[in-house]
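Grab a pencil and work through these exercises with the model on your screen. Try each task before reading its solution.

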Amino acid sequence: MAIVRGEEGAIHFDDGTGSTALVAGTTSWNLDVTKELYEITAHSDKSRKYGGGLISATGSCEVQYQATSGDPLTELLKGCFKQEDDGTNAKFILFLDASSAKKFTFDAVISGGNFTSTVGELATATINFQMTGDITEDI
């Protein structure tokens, strides 16, 4: 069995240019996928029954701040301050292993961020997002 280590992960991001690019300085990401459950129990059933419904996902990524401009990291950070009312969303590709095709692909709205600067440590940012539309999983 092949083991995938966390340091092999990566994020590719596009905020509307049409192509995704690697986000440098990524230290972690997480994706929380949930499926609505609907009760489908009939009056004559002796136990409750459930069926699956709509899928949604939220997540976040942590990055080390780098003082560059125009790269995917900068655009990801700026996404916290953009109002997305024009129907355009950011495209995320979260790789479990950057050297393979093990990934999750989806559009999302960046819902917020947390920026941290501590004496003796690297400046970091945590970016939160809400998936919109479908997700493709290649795991």
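**Exercise 1.** Why is the sulfur of C80 not in a bond with the closest cysteine sulfur?

*Solution.* Quick note before we start: this is a predicted model, where local features need pLDDT of at least 70, side-chain atom pairs count only at pLDDT 80 or more, and totals for chains, interfaces and linings use all residues. Residues are numbered from 1 along each chain as its sequence is written, and side-chain values use heavy atoms, with hydrogens and water left out.

- Step 1: Recall that a disulfide is a pair of cysteine sulfur atoms within 2.5 Å.
- Step 2: The closest cysteine sulfur to that of C80 sits in C61, 8.8 Å away, so it's too far for a bond.
- Step 3: Count the disulfides: the structure holds 0.
- Step 4: C61 is in no disulfide.

**Exercise 2.** How are the rings of F13 and F92 arranged as an aromatic pair?

*Solution.*

- Step 1: Rings of Phe, Tyr and Trp (its six-membered ring) pair if their centres lie within 6.5 Å; planes under 30 degrees apart are stacked, over 60 edge-to-face, and the rest tilted.
- Step 2: The structure holds 6 such pairs. In one of them, F13 and F92 are 5.3 Å centre to centre with 65° between the planes, which is edge-to-face.
- Step 3: F13 is in strand β1 (residues 10-14) and F92 in strand β5 (residues 90-95), so the pair ties together parts 79 residues apart in sequence. Strands here are DSSP runs (E, at least two residues), numbered from the N terminus.
- Step 4: Add the neighbours: F13, F92, F106 and F129 form one aromatic cluster.

Definitions and conventions. Helix = DSSP H or I, 4+ residues; strand = E, 2+ residues; numbered from the N terminus.
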